[in-house]
Every structure is written in C-alpha cells, then in structure tokens.
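Let's take a walk through a protein together. Keep the picture open and turn it as you read.

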Amino acid sequence: MKHTTPNRKKYLFIFLITLLLSGVANGQLTQSTFGVQGSFRYGYLLPHRSTMGHLLQGHTSSIELGGTFQMDGSADWHHHFNMPSVSFVLNYMNFGFDEVLGSSIGTQIVSYLPYFRHKGWSAGSRLGAGIGYVNKKFDQLDNPTNNAIGSNLNALVTFGFMVEKQFDRSSLGLELNMTHLSNGAYKLPNLGLNLLLVGLQYTYYLSDLNYKSIDSNRVDILPLERKWSFHSQFIISTKQIYPTGGSNYGILSLANYVHYQTGEKCIIEGGVDAIYNQSIIRDVPGDYGAEKNIQFGTYLGYILPIHNVELLVAMGRYVYNPLNPKGMWYHKLGSRIRLTERLQANIVIKAHWAKADFFEYGITYQW
C-alpha cells in the first residue's frame with residue numbers, strides 16, 4: 001500500500017468539506033428566512049494534557065461573520081427540531097500566545113437546534129464543523145514548543161449551548177461553547193487545541209420571521225415506517241506516529257452496520273469494523289509481519305438525524321487486536337451527509353479515549 005502524502009490528504013479533506021457544504025445547501029434552505037450574523041467570543045485555552053501547560057499565556061478571542069438560514073416550518077423536519085437555523089460562517093481566533101500558537105482563520109457550517117420556543121425565546125445546542133487554518137504550527141527548528149498542532153490545516157469543531165431571543169427581524173444570542181482544532185493525527189504533534197468560549201451573537205434578517213405549518217403531504221428523507229436499514233461503508237485514511245517527522249501510513253477499513261430508527265431524533269447503530277492500519281507494526285516494538293496490522297471491532301452508537309445529515313457518536317471494542325497498540329476500546333464522533341437516496345459521504349474521527357487515531361473518510365451504501 002502506498003503512503004498518502006500530506007498534500008493529497010489536505011485535498012481530500014477540503015473535498016469532503018465541500019460535499020458537506022453542498023449537502024446542507026441542497027437541504028431545503030430555500031424554505032427559510034435569510035439573515036446576516038456576527039458574533040464575538042472570549043475565553044481561554046484548556047490544557048487537557050500536563051505537557052500543554054506552557055501554552056496557556058493569555059485569553060482567546062474570536063470574531064465570527066456569516067449568513068444564517070432560519071427554517072420557517074414549511075418542512076416537517078423544521079418542526080422536529082423546533083425551527084432550527086443553519087449558518088455558514090467565517091471566523092478568526094487569536095489564542096493568546098502569538099509567538100507559539102498564533103491565530104487561525106476558519107469556515108464552518110453551524111446548526112442551532114432549539115429544545116423549545118416560547119414567545120420568541122429559545123435555548124438549545126449550537127453545533128458546528130468545518131476547517132481552520134492555523135498560522136503557527138510545530139516546527140522542530142522554528143517553533144519546537146508548540147506541541148499541540150502539527151499542521152496548518154485542521155478540523156474545526158464546535159459544541160455549544162445558546163439562549164436566544166428573536167424579534168421581528170433580528171435575534172440576540174448568548175452562547176457558551178467548546179471549540180476544538182486538530183488534524184486527526186495525519187500530521188504530528190496532534191494534541192489539539194480545546195477552547196472554552198463565551199460570546200454574544202446578533203443576527204439581522206432581510207425579511208420578517210414567519211413560521212408556517214407542516215405540509216401534511218410531505219415525506220421525510222428517512223421515513224419512520226422503515227425502521228430497519230442495512231449499510232456497508234468503505235474507509236480510506238492516513239496517519240503519523242511518534243516521533244514527529246516520520247512517514248504517513250495508509251489505512252483501509254470496511255464496516256457493515258445496521259440502523260434501527262426509534263423516532264425523528266434517534267437512530268441506534270450497531271456495526272462491525274475490519275481495519276488494516278499500516279502504522280501498527282511500526283508503533284509496537286518488535287519484528288512483526290503485515291498481518292498484525294489487521295484489527296476487527298464491534299461498536300454501538302447513537303445517531304441524531306437532521307434532514308440529510310446524520311451526527312454520530314459511538315463506542316466500540318476490538319474483538320481481534322493482536323498487538324493492542326492503543327487499548328481495546330475505541331470511539332467514533334462525526335457526521336454522514338446524504339448524497340443520493342442510497343449513498344452517503346462519511347467523515348468521522350476514530351479515537352481512543354479522546355486521543356485521535358485517524359479520520360475515517362469514506363462512502364456508505366444503504367442496501
């Protein structure tokens with residue numbers, strides 16, 4: 001198996017994010033009210049490893065600008081999520097340590113999913129995913145103290161809680177979020193940056209907010225009468241292992257899994273993974289053959305379906321793991337984007353107890 005170069009990896013990453021953008025953009029955003037959004041956030045870096053304490057030198061600040069689509073209720077999934085909104089944003093962050101961490105510029109797709117709405121008030125989750133460019137990465141000669149980020153291009157993920165008040169043509173939100181930057185171990189070091197931020201968000205809409213009733217003739221993309229479904233998934237990826245500056249190793253994976261949908265907001269997923277990870281025999285002392293790179297695992301997960309996007313969180317355990325380089329348990333966190341009735345694009349991070357193993361880039365087929 002040939003090694004995947006870092007440049008090819010970056011192009012693949014950008015391609016899959018583009019799929020995500022197009023998938024959401026095709027998801028009935030025309031049935032919405034468009035607004036212009038801006039926010040300011042302030043917080044600090046959370047050193048989640050003892051070896052990162054030296055990176056906490058000052059506060060983090062963030063500015064974000066973008067466009068938002070407030071769903072208007074003309075589709076049934078709008079009502080499932082209490083009139084959510086989807087935003088396309090650009091953001092700038094300064095990490096409070098210019099000499100070592102520098103700053104980042106990023107783009108994200110962000111969804112606000114209210115738990116309730118009452119007289120213009122709402123509270124809910126604000127979830128975002130995209131890419132961020134960090135201008136100060138680890139360099140053995142020029143920046144050796146940055147042990148958190150080894151690449152300029154990184155995944156940019158946001159998990160937040162927001163309280164919002166909507167008016168006729170505007171809204172004001174107060175948000176607390178955790179923002180994460182990392183590259184999924186395709187370039188070491190990759191401890192990542194975790195940022196705890198609080199902020200204010202203001203949105204101005206180009207027309208009055210107007211919520212409509214459900215069209216009773218509409219059919220969901222994931223109809224509830226089809227409880228069970230079966231899927232196969234092909235994954236390709238790459239990663240590095242310590243020490244830094246080494247080669248990239250290729251990864252292939254095949255998964256088969258089953259879905260059971262219990263409601264509009266819940267799908268239970270159970271599956272099996274067959275993995276060939278070229279880095280394993282390089283990561284464990286000893287003289288082993290390539291057959292030791294093979295792992296088999298089984299996992300159970302929860303999926304939140306949001307129209308043509310699925311958000312996945314899962315926990316698995318290897319049933320065959322001969323060299324056991326990272327332990328017997330693993331986790332998955334990410335999303336799948338519906339491309340056609342039967343095809344999905346997959347971008348999921350596989351990890352071992354919050355330590356990234358690799359990104360799962362792939363295609364899923366529903367039987």
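**Starting from one residue**

At 4% relative accessibility, Gln108 counts as buried, because the cut-off for that word is anything under 20%. Keep in mind that this is a predicted model, so treat what follows as a description of a prediction.

Where does Gln108 sit? You'll find Gln108 in strand E4, which covers residues 103-118. The side chain of Gln108 makes a polar contact with the side chain of Thr158, at 3.1 Å. If you leave aside its neighbours within four places in sequence, Gln108 still has plenty to touch: Glu64, Ser87, Phe88, Val89, Asn91, Gly128, Ala129, Gly130, Leu156, Val157 and Thr158.

**Zooming out to a barrel**

Now follow the strands around. E1-E2-E3-E4-E5-E6-E7-E8 is the order in which eight strands close into a barrel, with antiparallel pairing. On average, neighbouring strands of this sheet are turned by 25 degrees against each other, direction ignored. What holds strands side by side in a sheet? Strands pair through backbone hydrogen bonds, and they can do that either parallel or antiparallel.

Let's trace a few of these pairings. Strand E5 (residues 121-134) runs antiparallel to strand E6 (residues 153-166), and 13 bridges link the two. One spot to look for is Ala129, whose bridge partner in E6 is Val157. You have met both names already, since Ala129 and Val157 are among the contacts of Gln108.

From E6, a hairpin of three residues leads on to E7. E6 and strand E7 (residues 170-182) are antiparallel and joined by twelve bridges, and here Glu164 has Gly173 in E7 as its bridge partner. Next along comes strand E8 (residues 193-205), which pairs with E7 in the antiparallel sense over twelve bridges. To find the place, look for His180, which stands opposite Asn194 in E8.

**The greasy parts**

In soluble globular proteins, nonpolar side chains tend to be buried together. Which residues have the most contacts inside the largest nonpolar core here? They are Leu55, Met93, Phe95, Leu101, Leu181 and Leu193, in a core of 16 residues. E8 supplies the largest share of this core, with three residues. There is also a second, separate core of twelve residues, and Ile251, Ile267, Ala314 and Phe358 are included in it.

Go back to Leu193 for a moment. Not counting residues up to four places away in sequence, Leu193 touches Leu45, Phe95, Leu101, Ala148, Ile149, Thr179, His180 and Leu181. Phe95, Leu101 and Leu181 also appear among the core residues with the most contacts.

**Another barrel**

Keep going along the chain and look at the later strands. Eight strands, in the order E9-E10-E11-E12-E13-E14-E15-E16, close into a barrel with antiparallel pairing. The twist from one strand to the next averages 25 degrees. As a sample, take strand E13 (residues 309-320) and strand E14 (residues 329-338), which run antiparallel and are joined by nine bridges. Val309 has Ile337 in E14 as its bridge partner.

**The whole picture**

Finally, step right back. The protein has 16 strands and three helices. Of its 367 residues, 52% count as buried. Among contacts with a separation of 6 or more, 62% are between residues 24 or more positions apart. The protein exposes about 16,600 Å², and carbon and sulfur atoms supply 63% of that.

Notes
Residues are numbered from 1 along each chain as its sequence is written. This is a predicted model: local features need pLDDT of at least 70, side-chain atom pairs count only at pLDDT 80 or more; totals for chains, interfaces and linings use all residues. Side-chain values use heavy atoms; hydrogens and water are left out. Two strands pair if DSSP finds at least two bridges between them. Helices (H or I, at least four residues) and strands (E, at least two) are DSSP runs, numbered from the N terminus. Axes are lines fitted to C-alpha atoms, for helices over the stretch in contact, and angles run from 0 to 180 degrees between N-to-C directions. Buried means under 20% relative accessible area, exposed over 50%, partly exposed in between (1.4 Å probe, protein chains only). Contact means heavy atoms within 4.5 Å. Accessible areas come from the Shrake-Rupley method with a 1.4 Å probe; for residues, only the protein chains shown count as cover. A polar contact is a pair of N or O atoms within 3.5 Å; within protein, one must be able to donate a hydrogen and the other to accept it, and residues adjacent in sequence count only if both atoms are side-chain atoms. A nonpolar core is a set of buried Ala, Val, Leu, Ile, Met, Phe, Trp, Tyr and Cys residues joined through side-chain atoms within 4.5 Å.
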